[in-house]
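Please open the model in your viewer and keep the sequence panel beside it. The stops below are meant to be followed in order, with a new selection at each one.

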Amino acid sequence: MLRDYLAGLTDEDGAPLCDVTARDRTAPGSPDPILSTIDRSDFDELWLFAVDTGDGLDPEDCAAIGRFRDAGRGLLVTRDHMDLGCSVCTLGGVGAAHFFHSSHQETDAARRVIDDRETGYILWPNYHSGANGDFQEIDIVGEPHPVLRDAEAPSGLIRYMPSHPHEGAVGAPPEDASARVIATGTSKVSGRAFNIAVAFEPSPASGPALAESTFHHFADYNWDPLKGCPSFVDETPGNGLAHSPEAQLSVRRYVKNLALWLAGRLPVDATAEVQDRALDEALGESFPASDSSAVY
């Protein structure tokens, strides 16, 4: 559904906005032929949905993805609960924004506890934002990021995302001034706030990137439970999203904004731009103003 939606987007003249390639990586154990050469491709952005438990990315894949972003191109990296997707820890930059159960744990030890108690075999991090098929209201952190703006919404902002019983954990790496948390959710079990998205602003050294707490924000089953799910999924689904046109529009606007921002077609975050300029002045360097219409 994500692929079809993105492929169906058009500009004001009716021309397609996106040319989408959706694929699974080849079997682990050797470099993937696309990921390991992505820097030599003509892709503008990479959306990486990590479902492995440690072997999803080969060192050659990681090196090429790093060069891809260093060349100014966009990167979305998302995972799920516990250790699902933990190979992304080996990615430079955005990999540091992802926390797991067995490696690169959340820095706050008080958060290394089970949140979702419905599925006993899934351990932390597993933030419960609601049932698959329902939606959650998010909280926007700081100055609203461009990917969270929606001129057609009553508030002018995106407020809803699909929910999931056990979301993973992300956070802004303290050593990276380009990164900040832009949205949080709230656990339906503990009432605890948790990070949903971390944005990395583009700079002369690297392209834009976003770390997301779970790929279920983009999955068929979460957009429409009637699409079905793997046999091991046994939580009772909801149907709230199917009955909320406003939430559906919010989800799709977020996806469209992401696709445009990662391609350099939305303005950079104003807060980050001010920080960048202050850093430039401190270093005695000068970079040209960003061109929001440029395509990487």
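How many cavities of 30 Å³ or more does the structure hold? In this predicted model, the structure holds one such cavity, and the volume of the largest cavity comes to about 30 Å³.

**The cavity**

Begin by selecting Met161, Pro162, His217, Phe218, Val251, Tyr254 and Val255, which line the largest cavity. If you then colour by secondary structure, you will find that strand S6 (160–162) and helix H4 (245–262) each contribute at least two residues to this lining, with H4 giving the largest share, three residues. Coloured by residue class instead, the lining of the largest cavity separates into six nonpolar residues and one polar residue, with no charged residue.

**The largest pocket**

Move next to the largest pocket, which holds about 1500 Å³ of space. Its lining is made up of 42 residues, and a convenient selection is Thr21, Ala22, Arg23, Trp47 and Phe49, since these are the ones that lie nearest the pocket's centre. Helix H1 (2–8), strand S1 (45–49) and H4 are the elements that give two or more residues to the lining of this pocket, and S1 gives the most, with five residues. By class, the lining of the largest pocket consists of 27 nonpolar, three polar and twelve charged residues.

**Salt bridges**

Which side chains should be shown for the next stop? A search of the whole structure finds nine salt bridges, and three pairs are visited here.

Select arginine 159 and glutamate 137, whose side chains meet in a salt bridge with an N to O distance of 4.0 Å. This pair links distant parts of the chain, 22 residues apart, with arginine 159 in the loop between strand S5 (139–140) and S6, and glutamate 137 in strand S4 (residues 135–137). Arginine 159 counts as partly exposed because its relative accessibility is 24%, and glutamate 137, at 49%, also counts as partly exposed.

Now select glutamate 143 and arginine 149, whose side chains form a salt bridge at 2.9 Å, N to O. Glutamate 143 is partly exposed at 38% relative accessibility, and arginine 149 is partly exposed at 37%.

The third pair is glutamate 152 and arginine 253, joined by a salt bridge at 3.6 Å, N to O. Glutamate 152 sits in the loop between S5 and S6 while arginine 253 belongs to helix H4, so this salt bridge ties together parts that are 101 residues apart in sequence. Glutamate 152 is exposed, with a relative accessible area of 68%, whereas arginine 253 is partly exposed, at 22%. Add Asp150 to the selection, because the view should then include the network of salt bridges that links Asp150, Glu152 and Arg253.

**Glutamate 201**

For the last stop, select glutamate 201, which is placed in the loop between strand S9 (193–200) and strand S10 (209–212). Does this glutamate lie buried or exposed, and what is the nearest side chain of opposite charge? Glutamate 201 is buried yet has no salt bridge, and the nearest side chain of opposite charge is that of arginine 180, 5.2 Å away. A salt bridge would require the nitrogen to be within 4 Å of a carboxyl oxygen. To see a contact that glutamate 201 does make, show the backbone of aspartate 269, whose nitrogen is reached by the side chain of glutamate 201 at 3.0 Å.

How values were computed:
Residues are numbered from 1 along each chain as its sequence is written. This is a predicted model: local features need pLDDT of at least 70, side-chain atom pairs count only at pLDDT 80 or more; totals for chains, interfaces and linings use all residues. Side-chain values use heavy atoms; hydrogens and water are left out. Helices (H or I, at least four residues) and strands (E, at least two) are DSSP runs, numbered from the N terminus. Buried means under 20% relative accessible area, exposed over 50%, partly exposed in between (1.4 Å probe, protein chains only). Lys and Arg count as positive and Asp and Glu as negative; His and the chain ends are not counted. A polar contact is a pair of N or O atoms within 3.5 Å; within protein, one must be able to donate a hydrogen and the other to accept it, and residues adjacent in sequence count only if both atoms are side-chain atoms. On a 1 Å grid over the protein atoms alone, a cavity is a set of points where a 1.4 Å probe fits but cannot get out, and a pocket is an open set with protein on both sides within 12 Å along at least five of seven lines; lining residues have an atom within 4 Å of a point. Grid points are joined across faces, edges and corners, and a volume is the space filled by probe spheres set on the points. Ala, Val, Leu, Ile, Met, Phe, Trp, Tyr, Cys and Pro count as nonpolar, Asp, Glu, Lys and Arg as charged, and the others, Gly among them, as polar.
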